Amino acid sequence: MFGVIRRRVASSSPSPLLLSKSVRKFRSGSSVPARVSSIVEKEVAFHSGRCGNVRNFSHMTPGCWVNVKPMREAFRQEATMQTWRRPFSSDNGDNVDVVVPPLAESIADGTLAKFLKRPGDRVNVDEPIAQIETDKVTIDVSSPESGVIVKLLANEGDTVEPGNKIAIISRSADATTHVAPSENTSEKAAPQPTQKVSEEKKAPKAEPEPAKEKPKAPPAPTRPAGAQTSPTEPQLPPKERERRVPMTRLRKRVATRLKDSQNTFAMLTTFNEVDMTNLMKLRADYKDAFVEKHGVKLGLMSGFVKAAVNALQHQPIVNAVIDGDDIIYRDYIDISIAVGTPKGLVVPVIRNCDNMNFADIEKQINAFAKKANDGTLSIDEMAGGTLTISNGGVYGSLLSTPIINPPQSAILGMHSIVSRPMVVGGNVVPRPMMYIALTYDHRIIDGREAVFFLRRIKDIVEDPRRLLLDI
């Protein structure tokens, strides 16, 4: 620490506290008084207990000339300062504080969903001990050190921010099984009822008082024959048969975004049907060779993604978005794939789909599906996107009107494949058919562009050779 000691010493009287002596000469046209009002001020700077710079300052009195010979200045090179830092540790050095890690730039807090470990459990380095649920993803809180959990500093359901302490880990403690406080209390309180019972046995029993007769209720007034009876209240199920569960942050976020989408966009949906015969035949003919070369299965989603890329290139207004009074045209294509999980709907984004082939798209979809089920998708993997594809057909949906995923301008809905009788070449034959739907923002996309976009997807899916010939 720096300290400053200032001493003001009159030039007429020497002081033994001076660090050095100086010779002063005073010259003046008039007589100089015995006590010259010239004051020498010394400032000594101390750093870490050692003397630093020593300087003299002179104050002159009008009419006097003061010649001050500078004192010797002592210079010392500052000592190198070392700091020791131990993250997450408490003062005693044995306990380690577990804190909430940084969530994301756009997320300020989260909800402590649950603890994976309890007091007395032993944990290893980087072992998850709790889960924090944010608006989009679930984040694991890992242990910074190996040891035993001593205490939990937060409760499940609390709102926590990055840097908040949620648990304490001891490096030297042994793992023990802690007894719940309720068990200890019940053991101590057990003998009390027996004492009361014994006292009651000793006390003589009082004779029961005769039961008092309840006053009879007055008879209900009789209604006239033509009077109408008042409606009775509906018999509702008892509250004991209901369960109240708080919404997760992910579910609240989805609900807010979808409602904002309905309030903002002028949504309109157009439909069409696609004959899946050729795309399904393509997959059946090359599925084994595709897996052998690329290591992933050939699905139908990659065909729709490539068809959507081609349709967006032909109708760039569907890839645009409104920003205030302007329209932003995007020269890149990022397709969002809606994935349903037990915790809620997530929409990871496949970047630069126009530069990817079928195998690259299938690999990316499989990776996203695995992360979505494990709850390990990051915020960056779900940010952006210019068009969303939602496949409700995997759940058996025949037809639906999807809701736009803000800030995009359209969403493509796929549905289940059903064999229906179709007229082909004048003959009625069964065909695997799928209904597809496009919900679009009518403020920026007209019906003409929306229908052309959907027709382009229909043409490519029914004849994938168009992608090779670019027609």
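Here are some short exercises, with worked solutions, on the predicted model shown above.

**Exercise 1. Getting your bearings**

Work out how many helices and strands the protein chain has, and what share of its residues is buried.

Solution.
- Start with secondary structure: the protein chain holds eight helices and 24 strands.
- Next, look at burial: of the 471 residues, 33% are buried.
- Then check the contacts. Take those between residues at least 6 apart in sequence, and 62% of them join residues at least 24 apart.
- Finish with the outside: the accessible surface is about 31200 Å², and carbon and sulfur atoms account for 53% of that.

**Exercise 2. Reading a sheet**

Find the order of the strands in the open sheet that contains β7, and say which strands sit at its edges.

Solution.
- Four strands make up this open sheet, and the order is β10-β9-β7-β12.
- The edge strands are β10 and β12 (159–160), since each of them pairs on one side only.
- Now for direction: strands of a sheet pair through backbone hydrogen bonds, and the pairing can be parallel or antiparallel.
- In this sheet the pairing is antiparallel.
- Zoom in on one pair: β7 (residues 110–115) and β9 are joined by four bridges.
- For a pair of residues to click on, try Leu112, whose bridge partner in β9 is Ile132.

**Exercise 3. Backbone oddities**

Track down a cis peptide bond and two non-glycine residues with positive phi, and place them in the fold.

Solution.
- Keep the usual picture in mind: most peptide bonds are trans, and most residues other than glycine have a negative phi.
- The cis bond runs from Pro406 to Pro407, with omega near 0°. Pro407 belongs to the loop between β21 (387–391) and β22 (410–414).
- One positive phi is at Asp126, at about 65°. Asp126 is in the loop between β8 (122–123) and β9 (128–133).
- The other is at Asn352, at about 50°. You'll find Asn352 in the loop between β20 (349–350) and α6 (358–374).
- Now classify them by accessibility. Asp126 has a value of 56%, so it is exposed, the cut-off being over 50%. Asn352 comes in at 40%, so it counts as partly exposed.

**Exercise 4. Salt bridges, one pair at a time**

Which residues pair up with Glu145, Arg351 and Asp463, and how accessible are the partners?

Solution.
- The total is 14 salt bridges, where the nitrogen and oxygen have to be within 4 Å.
- Glu145 pairs with Arg171, and their closest N and O atoms are 3.9 Å apart. This pair links distant parts of the chain, 26 residues apart: Glu145 is in the loop between β10 (138–142) and β11 (147–152), and Arg171 in the loop between β13 (165–170) and α1 (181–189).
- Glu145 is partly exposed at 30%, and Arg171 is partly exposed at 30% too.
- Arg351 meets Asp334, with 3.8 Å from N to O. Arg351 is in the loop between β20 and α6 and Asp334 in the loop between β16 (326–328) and β17 (335–337), so this bridge ties together parts 17 residues apart in sequence.
- Here the partners fall in separate classes: Arg351 is partly exposed at 34%, whereas Asp334 is buried at 7%.
- Asp463 bridges to Arg465, with the closest N and O atoms 3.0 Å apart. Asp463 is partly exposed at 23%, and Arg465 is exposed at 57%.

**Exercise 5. Inside or outside?**

Decide whether Thr341 and Leu398 are buried or partly exposed, then describe the surroundings of each.

Solution.
- Thr341 sits in strand β18 (residues 339–341).
- The relative accessible area of Thr341 is 15%, so it is buried, given that the class needs a value under 20%.
- Leaving out residues up to four places away in sequence, Thr341 touches Val346, Ala372 and Asn373.
- Leu398 lies in the loop between β21 and β22. Its relative accessibility is 43%, which means it counts as partly exposed.
- Leu398 also helps build a nonpolar surface patch of about 270 Å², together with Phe271 and Leu399.

Notes: Residues are numbered from 1 along each chain as its sequence is written. This is a predicted model: local features need pLDDT of at least 70, side-chain atom pairs count only at pLDDT 80 or more; totals for chains, interfaces and linings use all residues. Side-chain values use heavy atoms; hydrogens and water are left out. Helices (H or I, at least four residues) and strands (E, at least two) are DSSP runs, numbered from the N terminus. Buried means under 20% relative accessible area, exposed over 50%, partly exposed in between (1.4 Å probe, protein chains only). Contact means heavy atoms within 4.5 Å. Accessible areas come from the Shrake-Rupley method with a 1.4 Å probe; for residues, only the protein chains shown count as cover. A salt bridge is a side-chain nitrogen of Lys or Arg within 4 Å of a carboxyl oxygen of Asp or Glu. Patches are made of residues with over 30% relative accessible area and no salt bridge: like charges are joined within 9 Å, nonpolar side chains (Val, Leu, Ile, Met, Phe, Trp, Tyr) within 5 Å. Two strands pair if DSSP finds at least two bridges between them.
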